[in-house]
Each structure stands twice: as structure tokens, then as C-alpha cells.
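Please examine the structure below with care. A short dialogue between a student and a tutor then discusses it.

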Amino acid sequence: MCQLLGMNCNTPTDIVFSFTGFATRGGLTDEHRDGWGIAFFEGNGVRHFVDHQPAISSPVAELIKSFPIKSKNVIAHIRKATQGPVILENCHPFVRECWGRYWVFAHNGDLKDFAPVLDGAYHPVGTTDSEQAFCYLLQEMRRRFGDTLPAMSELTAFMREMTAEIASYGTFNMLLSNGEALFTHCSTNLYYIVRQHPFATAALSDDEVAVDFSELTTPKDKVAVIVTAPLTKNECWTQFKTGELKVFVDGDLLPD
């Protein structure tokens, strides 16, 4: 299956270190060679990069590893195709507008016999079960709340309900953000870490790279990283429970 990487912070931060390790799983240290993508929120805009080439050999991925784009919310994905051919329109993350702001979504898993009725404004461009799930989620969100962005507590309750429904069709590990919060759901494998003061040195598991975050941060910084499998070999990552939904805002894990 695919792999996910997300970042949520309280101050704009680059993801070069984490993405460097993550991208090696796109054809070098793992078998996810069927495309990749990444999206960065910046103000009301989104920088969105996708490529159907393996991340390990993609010139666009090399750009991301060398260009420190700073963002408070980032979602990345490397693909091992289960549904839909290896083409650009099937590369995650997917981006749509709702309530005058962008929403970004990526999925790891396989949904069997998932064929929701899409009768609203959201329809897939590609042929993946993932994009279908994203369109269905947004459609039902608009149906539930109308033209007004709900309070975070209401939106979280809705996401908990919808992710459980979609996960009943198969594996549904997912990341979703509107630039304010990062919603995460685990069916099988998902881990997170919150880096904060006092910062220490982190060493990648998939590459010979280490970074001393104390040299790059301030005592007020807080960075949550969510990933399918831990990226570093010397940090303590927390594993999600099956069926668990977690929401991160400004680097903090919100209470249930």
C-alpha cells in the first residue's frame, strides 16, 4: 500500500528533513514506485506538486528536498497502486475547495466495493478509490453543515463519524487539512511525534542524515509529524490505535 506523511506546526516550518527520508521509500528503501505528491499551505494558497514517477528518481522530488518551503500544514504521499493506473491524475494528495478555502487529502489503503453516490459539486478526476472517498467526504460535509464552516468540535465529530463509515469498506489511513487543522485517521499503521523544546538531534532511518533541531528552532516552536512508519531511529514515536481519529492544530494534539 501507499505511505503518508503529514506536518502540523505553530509556526511556518520546512519539511526538508522528513521528506528526504520519506522520499527514499518511493523506490529505494521500499517499493512505493507508482508516483508521489506533496502539498504545502501558505496563507490562503496551496503549493501542490505531484509526479507519476517514483519519488526516488523524480526531478520534482529533488526540488522539494533542496527548496525549504515553509508551511504550517503539509501533506505528502508516495503511492503503491491498488486501484487505478499509474498516471498523474491518480497521484495524491488531492485538492478541492470548500467554504472558500482549500482542502488537501491523501489516503493509504484499499476500499473494496466502495461506490458512493456523488450528486453534489465534488467528482473524481482520476480513477482511485481514494479520490472517490475525498469527494464523498466533502459532499457529505457540505450537506451536513451547509454554507458555514462549523466549529472545530462539530467538524471533529463529523470526521469521526465519516471516517468510521468509509473505513467499513477496507483500509482507510488518511490525512486531511484545511490549512488550520490536520485531521488524521488510522486503520492499520500511523505514528506521530511532537517535537518541542528542548529540541534534540534526530537521525533518519532511511538515509544517513541527522539534524540538530535545537540549532534551527526557537523555544516556542512546536512541530507535529505524522507518518505511516517512523522516519527516525533515535526518537520515540507514538502509534495510533486502530480506528483512531486524531486532530492536530498549531502542533498540538487536540483532546478527544
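The following questions and answers concern the overall fold and its salt bridges.

Tutor: This is a predicted model, in which local features need pLDDT of at least 70, side-chain atom pairs count only at pLDDT 80 or more, and totals for chains, interfaces and linings use all residues. Residues are numbered from 1 along each chain as its sequence is written, and side-chain values use heavy atoms, with hydrogens and water left out.

Student: What is the radius of gyration of the chain?

Tutor: The radius of gyration is taken over C-alpha atoms, and the globule rule is 2.2 Å times the number of residues to the power 0.38. For 256 residues the rule gives 18 Å, and the chain comes close to it, so it is as compact as a globular protein of that length. The value for the chain is 17 Å.

Student: Which residue forms a salt bridge with arginine 96?

Tutor: A salt bridge is a side-chain nitrogen of Lys or Arg within 4 Å of a carboxyl oxygen of Asp or Glu. In this pair the closest N and O atoms are 2.7 Å apart. The partner of arginine 96 is glutamate 131.

Student: Is glutamate 131 buried or exposed?

Tutor: Buried means under 20% relative accessible area, exposed over 50%, and partly exposed in between (1.4 Å probe, protein chains only). The relative accessible area of glutamate 131 is 1%. Therefore glutamate 131 is buried.

Student: Is aspartate 147 buried or exposed?

Tutor: Aspartate 147 meets arginine 142 in a salt bridge (2.8 Å, N to O). The relative accessible area of aspartate 147 is 65%, so this residue is exposed.
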